[in-house]
Protein chains: 2
Amino acid sequence: MRDVYIIGAGTTKFGELWDSSLRELASEAGLKALMDAGIYAEDIDALYGANTSGGQFVDQEQVAALIADYSGISELNIPSIRIEAGSASGGAALLQAFLAVKSGQYETVAVGGVEKMTDVPSEVANEIIGGSLDAEWETFFGATEASLAAMVAKRHEYDTGVKREDYAQFPVIAHKHGSMNETSHFRNVIKIEDVLKAPFVSEPLTVFDTAPISDGASALIISADKKKIKNAEHPLRIKSSTAANDFLSLHDRKSIDRFGAVRKSTKSALELAGLEVGKVDVFEIHDSYSIAGLIQMEEILGKEAIRMTRDGEFYYNSSHPVNVSGGLKAHGNPLGASGVYQAVEAVLQLRGNAGTRQVKNAENIMIHNMGGLGTTSVTSIIGVD
Amino acid sequence: MRDVYIIGAGTTKFGELWDSSLRELASEAGLKALMDAGIYAEDIDALYGANTSGGQFVDQEQVAALIADYSGISELNIPSIRIEAGSASGGAALLQAFLAVKSGQYETVAVGGVEKMTDVPSEVANEIIGGSLDAEWETFFGATEASLAAMVAKRHEYDTGVKREDYAQFPVIAHKHGSMNETSHFRNVIKIEDVLKAPFVSEPLTVFDTAPISDGASALIISADKKKIKNAEHPLRIKSSTAANDFLSLHDRKSIDRFGAVRKSTKSALELAGLEVGKVDVFEIHDSYSIAGLIQMEEILGKEAIRMTRDGEFYYNSSHPVNVSGGLKAHGNPLGASGVYQAVEAVLQLRGNAGTRQVKNAENIMIHNMGGLGTTSVTSIIGVD
């Protein structure tokens, strides 16, 4: 099994980018990643494109082919495949690219994630996001992802005694970190009271408990080519990448407020990387909803995570930094791009290029991308060798 | 590099299957493949689901998670990822599964392709199919895939002197073969005159030049596990699997009636398999349109393919059998499933289980799945060792 490195990373700003189309965003991120890797388009053997709902948002399927087209690599006849796993599409594309390079068939592969969500009204966007639920047993009966997340939250309060104020910490932390990230969708700092007093999306969750609807794109270049790795300024090793799934519908699960797939994929990623969880310095997780963020950290660190949330241990300058990028909540959540950006953030942190939000001496970063409410879980561990 | 085998295959009938939902079709095919491999769900390490436009056809994204759910494997937390590459999604899922097993991270993987197209009116289905074109530069201006295929046909007549009657042979051959396949959407035999006199879809192409709108699902189990391969009744080796892409928009290509990606991926598949094209006994290609079928065979066999079409050499009992399954035209074209079914057909032929349409002594079969009009091209070669 050969080693696979991230040799380049790039991203657009995330936000309501009305001036840019899906194709423009994707190619901007892709070209930045290529330049960062110091290579040319003809050095790429394949392209994996992450996109959740291009067909519904902008009438565009075959999105990877489109990305290749606008990045100027179609002439090279490079294979371009789209990966979709709900909002875990970005993480899943990184996983597929990683496996493709591991297999030996390809040496250097581009991973691009993109979503253009603001071309439709937000109620339509929310319906499209519902496409990642079970269409026949959840959405058809009126459930939205936010309403299911709200049920999970109530149940979790009942099961564990966790307080509303506890998981409301997640957006507060995210906005603090996001304020220090220049590509963030939101750069304002918020307080617990702001979260609690904001309008409800689905009680008890307010708009501040939920990640926004964003446009954006991020890209990576990964390689096993010794020469390219040597030439790269700061190559970082993908120590593991893996995934797990749970039942699509909440009602099929034994417990709606436990994420079995998250537990399995994060554990498996640690095992494959040969690391204990204590060796992970930063966690970039999928805070599509505040409560989802908390449950993920519980699956990774155990029940202790509730206390750590209360004690402020998840800030960038504390013991267990979580979502130092600003997370999906503040940095933004253009579905297919979000999981790829998590890896971009890992690269920035591990290179020491994360500016004022830099975590000191980080060597291993776990990135966890989730599709639906714990349905698809993709985890990678990126580190300094 | 370890060897990867197909150890199980299964399919539903293709057609207008109004009694079956997407999830039912997918799980039927998946369970048949598992039974055929003689293994249980818990023997699977990952699932790759091919689906082109579930979000638009049936409001369902995260389709792979849904398939896992209804196949009863969600409890096992197996990673389930959807692959999309327009109508090449099936071939692309097989490619990703192949690479995933090659990488060593997974031993045994399920590949499922499914599409449920008849829940929407056919004009809506055609719009959705247009999603695989360039949304901003083709579909927005009113182009449909059929109208672009018609332009390709006219240009090809002009460039090569090929006659309307020549490429009209493709559906005739397909229906002949499809009539002998019990899972076919259409089992009637047709004549050249039927093709020429049928209503136009886009002149010169008639309804008989174009593959139908179908429902259906197909599945495969692939493995590198020596014990499972040994236990399988008739394992078949995937000698190679690879892909290539061309510009998404026809207007960006140097020539609209040459498929550069097809040329590259089929050539590359032969090289990776260590075979000359003369060693390929059967070709299952992507006859979404008659003209596309002819151009693909030209890219694979050279200009000679035009003469061979005229001389009837593509029949199952002739020198170069093409689409012995009935192809997309007669066996049906449920987008995400079509490419997976091509591999199922290869399995049936190589096992000698193809009934009256059996090709004698077939040892190597090339399957070629295409997204859009030559945009994404995925080729695998499956053979007896």
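The exercises below walk through a predicted model of two chains, each with a worked solution.

Residues are numbered from 1 along each chain as its sequence is written, and chains are lettered from A, with ligands numbered from 1, in the order in which they are written. In this predicted model local features need pLDDT of at least 70, side-chain atom pairs count only at pLDDT 80 or more, and totals for chains, interfaces and linings use all residues.

**Exercise 1. The symmetry**

Task: Find what turn and what shift lay chain A on chain B.

Solution:
- Start with the principle. Two copies of a chain are related by a rotation about an axis and a shift along it.
- Superpose the copies by least squares on the C-alpha atoms of residues with pLDDT of at least 70 in both.
- Read off the result: a turn of 180° and a shift of 0.0 Å along the axis, with an RMSD of 0.0 Å. The two copies are thus related as by a two-fold rotation axis.
- Locate the axis. Of the residues of chain A, A:S103 comes closest to the rotation axis, its C-alpha at 1.9 Å.

**Exercise 2. The interface**

Task: Work out how many residues each chain gives to the contact, and from which elements of chain A they come.

Solution:
- Set the contact rule: two residues touch if their C-beta atoms, placed from the backbone, lie within 7 Å.
- Count. Chain A gives 55 residues and chain B gives 55 residues.
- Name the elements. Helices (H or I, at least four residues) and strands (E, at least two) are DSSP runs, numbered from the N terminus. Those of chain A that give two or more residues to the side touching chain B are α2 (54-58), α3 (63-70), β3 (80-84), α4 (89-102), β8 (236-245) and α11 (260-273).
- Sort the residues on this side of chain A: 20 are nonpolar (Ala, Val, Leu, Ile, Met, Phe, Trp, Tyr, Cys and Pro), eleven are charged (Asp, Glu, Lys and Arg) and 24 are polar (the others, Gly among them).
- Compare the two sides. 100% of the interface residues of chain A are also interface residues in chain B, so the copies meet through the same surface.
- Look at the strands. Two strands pair if DSSP finds at least two bridges between them. Three bridges join β3(A) to β3 (residues 80-84) of chain B, and the two run antiparallel. A:R82 has B:E84 as its bridge partner.

**Exercise 3. The two domains of chain A**

Task: Give the bounds of the domains of chain A and describe their contact.

Solution:
- Take the bounds from an automatic or database domain assignment. Domain 1 covers 5-121 + 214-237, and domain 2 covers 141-211 + 238-383.
- Place them. Their C-alpha centres lie 23 Å apart.
- Count the contact: 40 residues from domain 1 and 37 residues from domain 2.
- List the elements on the domain 1 side with two or more residues: β1 (5-11), α4, β4 (108-115), β7 (216-223) and β8 of chain A. The largest share, eight residues, comes from α4(A).

**Exercise 4. Strand β7(A)**

Task: Decide whether β7(A) is buried or exposed, and name its partner strands.

Solution:
- Apply the cut-offs. A residue is buried if 20 or more other C-beta atoms lie within 10 Å of its own, exposed if 12 or fewer, and partly exposed in between; C-beta atoms are placed from the backbone.
- Eight of the eight residues of β7(A) are buried, so the strand is largely enclosed by the rest of the structure.
- Check each face. A:G216, A:S218, A:L220 and A:I222 are buried on one side. A:A217, A:A219, A:I221 and A:S223 are buried on the other.
- Find the partners. β1(A) joins β7(A) antiparallel through six bridges, and A:Y5 is paired with A:S223. β4(A) pairs with β7(A) in the antiparallel sense over eight bridges, and A:V109 is paired with A:I222.
- Follow A:I222. Outside residues up to four places away in sequence, its contacts include A:V4, A:F98, A:V111 and A:I238.

**Exercise 5. Backbone exceptions**

Task: Locate the cis peptide bond at A:P204 and the positive phi of A:N323.

Solution:
- The bond from A:E203 to A:P204 is cis, with omega near 10°. A:P204 sits in the loop between β5 (200-202) and β6 (205-206) of chain A.
- A:N323 is not a glycine, yet has a positive phi of about 50°. A:N323 lies in the loop between α13 (304-310) and α14 (327-331) of chain A.
- A:N323 is buried, with 30 other C-beta atoms within 10 Å.
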